[in-house]
Amino acid sequence: MRTTSLFLLCAAGVACAHNPAPTPAASPSSSAPSSSATAGATASATSGRDSVGKPGIGALSLPNANPFPSTYVPFPSHTTLIRNATIMTAAGPTMQNASILLRDGKIVAVGTSVTAPADAVVIDGTGKYVTPGIIDIHSHLGVYAAPGGGGLNDGNEATNPNTSYVWAEHSVWPQDPQFPRILAGGVTTVQILPGSANLFGGRSAILKVVPSRTVQGMKFPGAKYGVKMACGENPKRVYASRGPSTRMGNVAGYRTAYIQAAEYRRKWDEWNANHKGPPPARDLGQETLAEVLRGDILPQMHCYRADEMAQMLDVAKEFGFKIRAFHHAVEAYKIADLLRENGTGAAMWADWGGFKEEAMDGIRANIALVDAAGAKAMIHSDDPSGSQRLNQEVAKAMYAGRAAGIDVTEDEAVKWMTINPAWALELDDKIGSLEPGKDADVVLWSGDPFSVYTKAEKVWIDGAMLFNRDDPAQNWRTDFDLGYVKGESR
Amino acid sequence: MKKQLLFAACVTFVTVAAAHAQTVAITGGTVYPVSGPAIQNGTVLMRDGKIVAVGADVAVPAGAQRIDATGKIVTPGFIDASTTLGLVEIGGEPSTRDANAKGTDAIAASFRSWDGLNSESVNWAPARNEGVTSAVVLPGGGLVSGGAAMVDLADGTAAQMIRRAPVAMIAQIDNPRSAQTGARGELIGKLRNLIEDVKFYQAHRADYDRSATRSLTAPRVDLEAMIPVVEGKLPLAIEAERVDDIQAALRLAKEFNLKIIIMGGAEAWLAATDLAAAHVPVVAGAMNNIPTSFETLNQRQENLGILSKAGVTTAIVGNNGDGDEELFNVRNIKYEAGNAVAYGMTHDAALRAVTLAPAEMFGVADHVGSLQPGRDANVVIWSGDPFEFSTHAEHVYIHGRDVIAPSRQDMLTQRYKTLPPKYSQP
């Protein structure tokens, strides 16, 4: 029944903001697979790809260790000019009757006096709006793929409170039918996170929303990994019988892990500097956390309550790293000043709240209040359906801000779904705004994106039109869609 | 005195919140009575908690409070046709959940969900501040979940809030496991057996009381509660998503002459003609085209538009799937309606689907859902198109009283607008 779906879904581990999977009789002995990883490390250190006297890439805890490299190649594109449109650049004031030129996968020009090259496909944007491609910084697509069920339940490795050794990309199913459906909502880049059952859930995957046989074919080239961390109720409920079972247990868990990671990093830094003796034993989990300490992996932390976020800012200071963004952050508005001072962003819903005790104080003006305080504010979905309509979520948040007396402009609000999440992924030099030189990830909307009646009409990724509402036959259908889903239901 | 009269006049077991002697005239707005065409520059006159006149040429009595609605939209209060408001406070906190009965072998027909209604829930205010004035509060779980109530979102005791109960019996043809069966066919068989046993019980009550009948599938209280259903007087609201499950519900309704409502109806568009022919209404959402389960492979956002055009009576509820639309975000049904319009429903049909249509389905159209003389004065003045994000509800009247008041969320917003907060305020 609909009325119980929230709990049923979450008990099955589907969503995750609400409730992660319960511990499936977690065995206390199932700890990080460090011994086998060590053996593997020795092997790859001698048979690595780079054989010129140095250990192979991926064998060491080094920046850019990249054992599953991106094979993404932009799709074929035409030089395209969209003209006579209202263009929201996320980098300055909205331009009326303006044009944007896309060529060779990049944005070449944006303005009111852009002319079409002879070879350009020209699209009339009269009455329409253009924005950067939307970035959803909190998604579980592919790891909790539709249509669900145990066979596709791959988002929470809820067997240990610290699974920093798992990588979300190893769970992502590229045929998840939800991918083309968020593309149709204008989402062009997505961060896939493990669930929130654990203190450390594992590495995230930053993907372009494109069809591919492999997850490697979706991986955003050059994107830094994130690591999912989680505060509060979920870990302490999931591990109630073995610990952590309290918030103080949670904090002890983060600190213990970073103490170990700092030591691990020290050993490896030392060995990397002098190559004396055999390399230290490799540990996948500590490798990830050592990269956090080096600033090469960005902590993305599920955290609802203001007081817990404040404590985590102190934990980060204790170990010398930065939490890039708190996710969900329903009480971010209570500590917006602290977030600004610490340079930590907040990725929020427009209006979710009340579904558990740590979500009781959700308010619709959250994003606007955080933004007004000068901290990096952004929308996120944590939900495949919400991901399809982040423009509508931003609209709700923007108007709620205005109702609360905060003067939020549309130019500011559009950043909440574009350049600000790009910043939180450290990809703001590549995507998130419509400026020359940036990736041509662009959405053409049927009207004002903050109207309930507006739809994404066309979506380009790296200059290639991958969604066209006017030509359904050409749009991406996943393998799953074939036969299971009627053409009209896309 | 007025109150006593009302008590006396009440036929159903419910009462109405205290009515006001104040006469209020809403003037100058574009009035959508829903029961009839829109009226430009219309007037809605309310007195003693009832609507007394609606039209372009309504004389405003001297002494009436005038509310200028020029440039604004006036509609009936919205009705959410499927929610656990007042039964669940915080989903993750079991002590605040009163929507699912234990029942007997997945049957809980005698469960009067409204007996546990929390009149002090903090979730009423955000919904009513944004124009929702009534809600069908319903139980869940099992095969037959229990009875649903139509509730006014007015301040008052639970008894004052409950407009009518039961308005439907809730059941499902969707999840065999939840019905404590192993397969769809077994679930449907279990429902059929229950209905047959209710009929048998009706015909053999005296024997039953002497323990002189065969054993029946449900306890006496549940059989009793099902009698209005098998008599076709109380709707059986059946959660069904898959087209075959919807068709099974239609066959069951025909076989036993039941009045049914399809709840969920993800694939209802594939049975639009049959639903229209059988005059079976559908309560569905407009914001999901994800094949979220094997029951909902063909759900699409055009569902409501297709059903509506085929002549099926539809009510719009939240269905984006996160579950949150039940409580915190009942207020968002207006946006669900906007999305329905974006995907092919007419604006008029969508407005009806959040007002008069659910009132008709659940048998309360003589009280709520339209702006007509004699109806409850549940009226909303919107700053613009009610379905748009840029619009807000400026006045929300329930029984003629403006009910907008700060919600807990409003108080938190006020408190933290300036940091650090003053803990004594607001």
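Before the helices, one definition: the axes here are lines fitted to C-alpha atoms, for helices over the stretch in contact, and angles run from 0 to 180 degrees between N-to-C directions. The model is predicted.

With that in place, take two helices of chain A. Helix α5, residues 247-274, packs against helix α6, residues 284-294, at an angle of about 85°, and their axes are 8 Å apart. Angles of 65 to 115 degrees count as roughly perpendicular, so α5(A) is roughly perpendicular to α6(A).

Which residues meet there? From α5(A) the list is A:A257, A:Y258, A:Q260, A:A261, A:A262, A:Y264, A:R265 and A:W268. On the α6(A) side they meet A:Q286, A:L289, A:A290, A:L293 and A:R294. Sorted by class, this contact holds nine nonpolar, two polar and two charged residues.

Now chain A as a whole. The chain has 14 helices and 17 strands. Of its 490 residues, 59% are buried. Counting contacts between residues at least 6 apart in sequence, 70% join residues at least 24 apart.

Next, the contact between the chains. How many residues does each chain give? Chain A puts in 56 residues and chain B 54 residues. On the side of chain A that touches chain B, the elements giving two or more residues are α1 (5-11), α3 (178-183), α8 (336-342), α10 (384-387) and α11 (390-403). The largest share, five residues, is that of α11(A). By class, this side of chain A has 26 nonpolar, 15 polar and 15 charged residues.

Definitions and conventions:
Residues numbered from 1 in each chain as written. Chains lettered and ligands numbered in written order. Predicted model: local features only at pLDDT ≥ 70, side-chain atom pairs only at ≥ 80, totals over all residues. Helix = DSSP H or I, 4+ residues; strand = E, 2+ residues; numbered from the N terminus. Buried ≥ 20, exposed ≤ 12 C-beta atoms within 10 Å, placed from the backbone. Contact = placed C-beta atoms within 7 Å. Nonpolar A, V, L, I, M, F, W, Y, C, P; charged D, E, K, R; others polar. Parallel < 35°, antiparallel > 145°, perpendicular 65-115°, else oblique.
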